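Please open the structure in your viewer and keep the selection tool at hand, since each stop on this tour begins with something to select.

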Amino acid sequence: MTVEPSSVSSSGTAESRPHHWWKSAVVYQIYPRSFADSNGDGTGDIPGIISKLDYLAQLGVDVVWLSPIYTSPMDDNGYDISNYQDVDPLFGSLDDLDELIAGLHERGIKLVMDLVVNHTSDEHPWFVESRNPKSPKRNWYWWRPPRKGATPGTPGAEPTNMEAAFSGPAWDYDEQSGEYYLHIFSRKQPDLNWENPKVRRAIYDMMRWWVDRGVDGFRMDVINLISKPDPLTDGRPEPGRQYVRAVKFVGQGPRLQEFLAEMNREVGLDAQNLLTVGEMPGVTIEMAREITDPANAELNMVFTFEHVDLDRMPEGSKWDLRPIELPALKKNLNEWQIGLADAGWNSLYFDNHDQPRAVSRFGDDGPEHRVNSAKTLGTVLHMHKGTPYIYQGEELGMTNSYFSNIEQYADIESVNYHADALSLGMEADAVLHSLSVKSRDNARTPMHWDDGSHAGFTEGIPWLPVNPNYVTINARAAIADANSVFHHFRRLIELRHDYRVVAEGRFELLLAGSEQIWAFTRTLDNQVLVVMANCSSAPVDVPADALPDLGRAQLLLATHRDAGSLRLLPWESRVYLLG
Ligand code: TEU
């Protein structure tokens, strides 16, 4: 049943979204399960978010990206949707969502919804019907017969040797219909068949329904997987492995850009200046240039994974760890800056609900340097050219939780990896170590609002343990402290709003080889922004000849008081303006 909205406030309309407004915007991502719980059931919800709108307005963000709140059996925390046009009771109701949209718009903040249309839940009516081979919905998903000569339902009988992202084969056998269905993620997330125009039409109808309800854009989940190579064939497994990671060879299919352009046209994405960002594991700079080139009317921006995969061994899984070298990280972001300098547009992120906390991964989350490294990582990221994304808690410098036993984990990817790795004979401590560093649950522990019980997140029992360091790391303490990470992020957002050079200036990396210094300039007309940062826990001298003359420069933002010399203390950063 779909409920027509009683009233949509003036914003949330095309008029309220000027052309390319998102180029000077900052987005704040909310993971509803972990943001704020209003009814004491231990899980965050929409009324909880509504109770924190003034906090978001004080931070100064322009957009909220809301991870899924739709009806879902929650096999993957909502990224498995059984009804796209309703809110799961765990999170509230459609009325609550309308109130959230109105509350955001009243504060000049826009709302971007999470669009999860590469797959649905296996409890979505479309898939339930599709299980019947005679159903007109059969071809809404990828059904295939067992491998010739193999016993259906046994390992190796799958139509192809593809491995799911959450471990195990990417095909599941449906006894009743005698065929397998494809699921690149969990078996409760069957992939939709975008080759079928009826599927695409149903999705565009749903998107228009949300636009009419006042939303301002879409973050599109694994959208580069919607066009799959047909026929689906076997891949070459690594030695000793039976299956091949599906994400590796189903991305960037032959009709991807055709589908994105059709979606843009049919839903009026550009016509209504809606913000669109596509999550694209495996996307290249060349692909991103084309897809985000406004002339192609596909998407505004994409999420690349290249920089967040730098701590995985080449050809290894995300759990095969290697240290991150600063020159490599700088080099990657520089390549994307140059690659999309004259066509397309970058998204900028270090944190989200799938990645470990940035200050723990790229910074130094020890008591001595946590605050300055969180600030300096923010400075470096937000002063690049593109649209920055802040993940809830990043503005407080929240850290990884480093769980010590498997019982503490809830994330399907982590729990499945643990079981799979142990079944392959891997050492339990090594597996737990990889999880403590890379698990998605590090990002999903409840938000820290104050130093009260359960960090002020809930009056019940939190669905995931609260990080014990909430006593010192929390919003109330941060707001009260003018030198906090919170107020540093607030100033970064102000700089983007006040200085066009921050949004539009040409990027140029300096000192590319330095293992400690991340320095670059942004130039627009006669203005030059000079950013210098020490991304190490030891002091370093910046060679003056590597920089423009700062004699007449204005210091816009700094982590440390005394900026007299070019010696940068551990995790010190500065932003200067010339002209
Ligand atoms: O993530 C896609 C994706 O690539 C990640 O799952 C990635 O494989 C992994 O987490 C990195 O460690 C999107 C959503 O962001 C994620 O939360 C969902 O689980 C997934 O799609 C399926 O919808």
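Keep in mind throughout that this is a predicted model.

**Stop one: the ligand**

Begin by selecting the ligand together with Arg440, where an N or O atom in the side chain of Arg440 is 2.9 Å from an oxygen atom of the ligand. How much of the ligand's area does the protein bury? Taken alone the ligand exposes 480 Å², and the protein buries 93% of that.

Now add Lys318 to the selection, because an N or O atom in its side chain counts as making a polar contact when it lies within 3.5 Å of such an atom, and here the distance to an oxygen atom of the ligand is 2.4 Å. His119 can be added next, as a polar side-chain atom of His119 lies 3.0 Å from an oxygen atom of the ligand.

If you widen the selection to the whole shell, you will find 18 residues around the ligand, and those that come nearest are Asp76, Asp221, Lys318, Asp354 and Arg440. Colouring this shell by residue class would show 6 nonpolar, 3 polar and 9 charged residues.

**Stop two: a salt bridge beside the ligand stop**

Keep Arg440 selected and show Asp76 with it, for the side chains of these two residues meet in a salt bridge, with 3.2 Å from N to O. Asp76 lies in the loop between strand E3 (70–71) and strand E4 (83–87), while Arg440 lies in the loop between helix H13 (428–438) and helix H14 (441–444), so the pair ties together parts that are 364 residues apart in sequence. In general, side chains of opposite charge can pair when their charged atoms come close. The structure holds 35 salt bridges, if you would like to look for others.

**Stop three: the second largest pocket**

Next, select Ser167, Gly168, Pro169, Tyr243 and Asp420, which lie nearest the centre of the second largest pocket among the 27 residues that line it. About 510 Å³ of space lies in this pocket. Which elements should you highlight around the second largest pocket, given that each supplies at least two residues of its lining? They are strand E8 (171–174) and helix H12 (412–423), and H12 provides the largest share of the lining, 4 residues. By class, the lining of this pocket has 11 nonpolar, 10 polar and 6 charged residues.

**Stop four: the cavities**

Rolling a probe the size of a water molecule over the atoms shows where empty space is left. The structure holds 4 cavities of 30 Å³ or more, and the largest cavity has a volume of about 110 Å³. To find the largest cavity, select residues of its lining, including Thr304, His307, Trp336, Tyr349 and Leu381. Helix H9 (326–339) and strand E14 (347–348) are the elements that give two or more residues to this lining, with H9 giving the most, 4 residues. The lining of the largest cavity divides into 5 nonpolar, 6 polar and no charged residues.

Finish at the second largest cavity, in which about 80 Å³ of space lies, by selecting lining residues, among them Phe350, Arg357, Leu377, Glu394 and Phe489. Helix H10 (358–361) and helix H11 (370–382) each supply at least two residues of the lining of the second largest cavity, and the largest share, 3 residues, comes from H11. By class, this lining has 7 nonpolar, 2 polar and 3 charged residues.

Note on methods:
Residues are numbered from 1 along each chain as its sequence is written. This is a predicted model: local features need pLDDT of at least 70, side-chain atom pairs count only at pLDDT 80 or more; totals for chains, interfaces and linings use all residues. Side-chain values use heavy atoms; hydrogens and water are left out. A residue is near a molecule or strand if one of its heavy atoms lies within 4 Å of it. A polar contact is a pair of N or O atoms within 3.5 Å; within protein, one must be able to donate a hydrogen and the other to accept it, and residues adjacent in sequence count only if both atoms are side-chain atoms. Accessible areas come from the Shrake-Rupley method with a 1.4 Å probe; for residues, only the protein chains shown count as cover. Ala, Val, Leu, Ile, Met, Phe, Trp, Tyr, Cys and Pro count as nonpolar, Asp, Glu, Lys and Arg as charged, and the others, Gly among them, as polar. On a 1 Å grid over the protein atoms alone, a cavity is a set of points where a 1.4 Å probe fits but cannot get out, and a pocket is an open set with protein on both sides within 12 Å along at least five of seven lines; lining residues have an atom within 4 Å of a point. Grid points are joined across faces, edges and corners, and a volume is the space filled by probe spheres set on the points. A salt bridge is a side-chain nitrogen of Lys or Arg within 4 Å of a carboxyl oxygen of Asp or Glu.
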